[in-house]
Amino acid sequence: MTGFRIRSALLLALLFLSSTGKLFCQGPAITSLSPSSVSAGAPTFTLTVNGSGFASDAVVQWNGAAVITDFISATQLTATIPAIFVAVAGTVTVRVRSRGDTSNGSPFVISPPPAITSLNPSSATAGGAAFTLTVNGSNFITGAVVRWNTTALTTTFVGATQLTAAVPAALIAAQGSATVTVLSGGVTSSGLPFTINAPPPPAISSLSPNSAIAGGAAFTLTVNGSNFGSGAVVQWSGTALTTTVVSSTQLTAAVPAALIANPGAINVTVSSGSATSSPAQFTIAPGITSLNPNSATAGGGAFTLTVNGSGFSQGATIRWNGSALATVFVSGSQLTAAIAANLIASAGTVNVTVNSGGINSAVAAFSILNAPTVSSISPTSTTAGGSAFTLTVNGSGFTTGSVVKWNDTSLPTSLVNPNQLTASVAASLIATSGTAQVTVTSGGVTSDTPRPFTILPGPAITGLSPPSTTAGGAALTLTINGSGFSSDAVVQWNGSALSTTFVNANQLTAPVSAALIATAASVPVTVVAGGVTSNAVNFEVANGPALTSLSPANATAGASPFTLTLTGTGFNSSATVQWNGASLATTFVDAAHLTAAVPANLIASPTTAQITVIINGVSSNALNFVVSVISISSLSPANAPSSGQPFQLTVNGGGFSSNSVVQWNGTPLSTKFQSSSQLTADVPGNLSQSPGSAQISVVANGVTSNIVSFVLVYPLPAIAIGGLKATATPTEPLSPTLQLAGPAPSDLQGVLTLSFVPSAAGVPATYVDPALRFASGDTKFTFTIASGTTAPAAPIPNIQQGTVAGQITVTLTSLTTGNLSVLPASAVTASVAVPPIAPVIESCSVGAIANGAFSVQLNAYSTPRDLSLASYTFTAAPGAQIAVTTANGGQVTGATQISVPVTTQVSQWFAGSASQPNGSVFSLQAPFTLSGDASALQSVSVTLTNSIGASAPFSCTR
């Protein structure tokens with residue numbers, strides 16, 4: 001016992017001393033009751049009273065009646081409330097009496113007993129999932145518990161009229177019923193029944209797949225439906241299959257290959273629990289994999305049809321559009337049947353099926369094609385003698401096995417599609433010109449109308465139009481005339497195909513672009529037709545015209561008509577001279593000269609005319625022709641150093657008068673009249689200070705002459721070429737140098753040029769040894785001397801000498817600063833001689849000895865380009881004896897020298913033009929015959945002699 005049970009009027013007074021010194025007692029007070037209510041009819045229960053001021057003598061009063069009380073603490077009491085006190089619904093006042101004082105009253109509610117009016121849901125299917133049960137009723141209080149038969153459920157208090165409870169699946173696992181009650185406030189309500197219904201039987205809605213081909217492989221069957229339990233099993237004609245339950249609406253089952261070996265209809269059911277579904281039908285049908293053949297040509301002959309597949313049994317029949325054919329059973333995978341000709345009389349599609357065991361297979365289509373027709377062939381022609389090619393035949397009714405025929409010859413044929421075939425035509429079939437008939441045979445039926453194929457004669461060119469043009473001209477259309485041209489003919493320009501237009505068998509045209517005639521050439525033109533190439537005809541692309549000079553280059557206004565002579569290159573008989581774009585009467589003299597008549601009206605007034613030459617639409621460069629009242633022909637001097645020193649300028653020309661004034665860039669100079677053809681003028685030092693070009697003209701009576709340029713050049717330091725020293729042998733390189741005596745006043749650009757004057761006998765004076773080159777590979781070398789330096793920025797490449805006697809000269813041929821020539825008036829050159837020397841042998845070898853015959857081959861050079869004697873020394877091995885015979889019958893024995901005169905042979909070589917690209921280099925081969933043991937020949941040496949002397953002996957390799 002946690003306190004004192006009070007059964008007498010014993011009071012324990014607690015006295016407190018206040019701050020005023022007076023004594024007082026604190027009375028009891030109630031703050032809460034637990035519980036604060038119960039349902040009417042509840043059993044005896046314990047009431048907990050919470051509050052303050054409770055003493056050990058405290059007694060709980062129930063509507064004024066003391067009840068058995070336990071003292072817990074000054075703040076808590078418990079009291080036993082007999083069932084009789086809560087038998088009737090109502091409200092009771094609870095108080096506490098302690099130390100003679102009574103507490104405040106606290107209400108305690110006695111509610112009406114709980115009652116259930118409905119359940120939601122009120123039933124479930126056996127084996128279903130857990131669910132939430134809603135209980136509706138009245139007088140529910142907090143703490144109320146829903147009971148399933150005698151099992152308390154996890155309950156949620158929603159309100160005085162509703163509870164919810166979790167019903168686990170285990171409670172509805174089996175068919176039956178349960179009583180649901182509510183325990184609230186210690187009172188149990190009356191019960192309501194909850195029905196657990198039996199599950200519905202399984203049902204099949206579909207199978208996937210719902211059919212198979214007899215003899216097929218094992219597969220997985222999917223069964224869709226409803227009410228499938230966890231132990232549901234798929235039955236195949238009553239045989240249980242290994243089944244997987246995917247859900248209550250889907251099962252899968254493994255169907256082994258043995259169950260679909262033969263055609264038939266199978267009942268598929270599902271057993272779930274004690275119930276079995278209605279059957280769903282699964283069809284096992286015979287299968288067709290192929291027909292052979294799978295097509296025929298309408299009008300063809302009878303044939304045997306082979307049907308390949310599976311699930312065929314004895315008695316199986318092939319059906320042709322539903323009609324049974326006389327069928328031969330070959331195996332479970334093959335049947336054959338005879339197809340009469342009348343069954344393929346007309347084009348169309350036939351449905352072929354197989355009935356085996358009363359089950360029909362799926363349909364296989366057999367095509368009856370129209371008879372073959374040929375609408376076109378490509379190509380339609382070729383050239384006789386051409387190569388084999390592929391012929392394309394277009395039409396209809398083509399099938400596998402269709403054959404293209406060339407006259408009566410079957411060609412190797414490929415089926416592209418029902419409307420096209422290709423066939424290989426051998427070169428032998430088009431060897432000669434003529435016509436072949438092309439047909440197609442398919443399914444024993446031949447196309448009705450043959451298509452002709454033309455074999456044309458080979459192409460031949462008789463002429464070109466135009467036959468020539470001028471380099472640099474515009475694009476043109478070339479017409480090719482000839483014979484044997486076909487639609488596939490292609491014009492070739494120097495072997496490259498041009499875009500070609502077929503005009504007829506005797507004519508083609510082809511565009512020739514400007515790029516193809518940009519430079520002069522003789523271009524072979526051919527035609528390729530049917531793989532055959534014609535003869536070649538050259539199309540000439542001539543050099544375009546170029547003007548170098550006019551004579552005269554000027555005239556005086558008002559002068560008489562005259563003949564103008566033009567010098568240049570690339571002229572021909574179609575050339576026309578133009579004066580400011582107007583054509584003059586032109587006479588062709590030769591490829592370098594034209595003359596043209598200039599009428600007086602063109603030179604009546606002072607003018608500057610542009611003179612050009614046009615050939616085939618190509619214009620030359622333009623040269624100026626000056627027409628003036630007065631004219632300048634030359635200046636003396638033509639240039640001068642830019643030294644700032646005054647000098648006198650002499651102007652030569654015509655039409656000068658006493659009032660003529662020489663002008664320097666438009667500035668009048670002090671002028672003296674010498675004659676009608678000469679003036680002198682003083683040029684002050686201020687006009688000659690800067691390098692450049694001055695424009696010199698003469699003015700008299702308001703008329704200005706032509707303009708002549710006068711050049712003021714830099715006062716360059718002296719310039720010299722060095723480094724050219726004679727070498728021991730001509731083939732040694734030379735190392736030239738170029739040196740200014742002082743720093744260059746500005747950047748200089750120049751050109752060094754190699755030249756050669758031969759001194760060897762019999763060599764043309766214009767001959768240049770082809771071996772003579774700078775190391776850069778040219779006879780010219782361009783260099784730059786930077787301002788303030790005295791030598792080229794890059795070293796001058798070595799000079800490779802030739803092997804012909806003569807003089808090599810290096811010349812400064814160009815020197816400019818900017819666009820101004822500053823080449824010294826005196827030539828800047830340096831020379832070195834290639835001397836005439838005795839021959840030099842570079843290599844020698846002895847050929848293999850066969851039947852005693854052998855030759856000695858040597859390479860050498862002779863700068864005077866002559867040779868008189870070749871001496872050969874043959875040495876035998878010690879103790880051996882050899883005999884050597886020359887080509888002319890001379891014989892030597894032992895270590896003896898044979899001298900062979902070669903003057904005639906070598907002179908003929910050097911005298912011919914074929915030797916000139918080789919300088920003085922030559923090869924000499926001398927034949928000999930050896931008597932005796934070939935191995936006894938120990939060594940061979942050679943000495944050559946020319947007009948200068950003899951070479952050193954040279955040992956030949958073996």
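**Loops, a sheet, a disulfide and some ring pairs**

Asn-665 is found in the loop between strand 76 (661–664) and strand 77 (667–668). The model is a predicted one, and in it the phi angle of Asn-665 is near 55°, a positive value in a residue other than glycine. With a relative accessible area of 43%, Asn-665 is partly exposed, because anything between 20% and 50% falls into that class. Asn-321 has a positive phi too, of about 55°, and it isn't a glycine either. Its spot is the loop between strand 36 (317–320) and strand 37 (323–324). Asn-321 has a relative accessibility of 48%, so it counts as partly exposed.

Loops also hold a couple of prolines that follow cis peptide bonds. One such bond runs from Asn-120 to Pro-121, with omega near -5°, and Pro-121 sits in the loop between strand 13 and strand 14 (123–125). Another joins Ser-636 and Pro-637, where omega is about -5°. Pro-637 belongs to the loop between strand 73 (631–636) and strand 74 (639–641).

Strand 13 turns up again in an open sheet. Four strands build this sheet, in the order 13-15-19-18, and they pair in the antiparallel sense. Strand 13 (115–120) and strand 18 (154–159) each have a single partner strand, so these two stand at the edges with one side lacking a neighbour in the sheet. Going from one strand to the next, the twist averages 25°. What holds strand 18 and strand 19 (residues 162–167) in register as a pair? Five bridges, in an antiparallel pairing. Within this pairing, Thr-154 stands opposite Ala-166 of strand 19.

How many disulfides are there? The count comes to one. This disulfide joins Cys-844 to Cys-956, with 1.9 Å from S to S. The angle about the S-S bond is 75°, and the link is right-handed. It brings together distant parts of the chain: Cys-844 lies in strand 92 (residues 840–846), while Cys-956 lies in the segment after strand 100 (954–955), 112 residues apart. Are these two cysteines buried or exposed? Both Cys-844 and Cys-956 are buried.

Aromatic rings come next. A pair of rings is described by how far apart the centres are and by the angle of the planes. The count of aromatic pairs comes to 23. Among them is the pair of Trp-62 and Phe-85, which is stacked, with 6.1 Å centre to centre and 20° between the planes. This pair also links distant parts of the chain, with Trp-62 in strand 6 (residues 59–62) and Phe-85 in the loop between strand 9 (76–81) and strand 10 (90–98), 23 residues apart. Trp-62 counts as buried, at 5% relative accessibility, whereas Phe-85, at 29%, counts as partly exposed.

Trp-493 and Phe-539 make another aromatic pair, this one tilted, with 5.4 Å centre to centre and 50° between the planes. Trp-493 is in strand 56 (residues 490–493) and Phe-539 in strand 62 (residues 537–542), so this pair ties together parts that are 46 residues apart in sequence. Both Trp-493 and Phe-539 are buried.

Back at Trp-62 and Phe-85, ring pairs link these two with Phe-45 and Phe-108 into a cluster. Finally, a ring can have a charge for company: the charged end of Arg-865 sits over the ring of Tyr-767, 5.9 Å from its centre.

Methods:
Residues are numbered from 1 along each chain as its sequence is written. This is a predicted model: local features need pLDDT of at least 70, side-chain atom pairs count only at pLDDT 80 or more; totals for chains, interfaces and linings use all residues. Side-chain values use heavy atoms; hydrogens and water are left out. Two strands pair if DSSP finds at least two bridges between them. Axes are lines fitted to C-alpha atoms, for helices over the stretch in contact, and angles run from 0 to 180 degrees between N-to-C directions. A disulfide is a pair of cysteine sulfur atoms within 2.5 Å. Buried means under 20% relative accessible area, exposed over 50%, partly exposed in between (1.4 Å probe, protein chains only). Rings of Phe, Tyr and Trp (its six-membered ring) pair if their centres lie within 6.5 Å; planes under 30 degrees apart count as stacked, over 60 as edge-to-face and the rest as tilted. A charge sits over a ring if NZ of Lys or CZ of Arg is within 6 Å of the ring centre and within 35 degrees of the ring normal.
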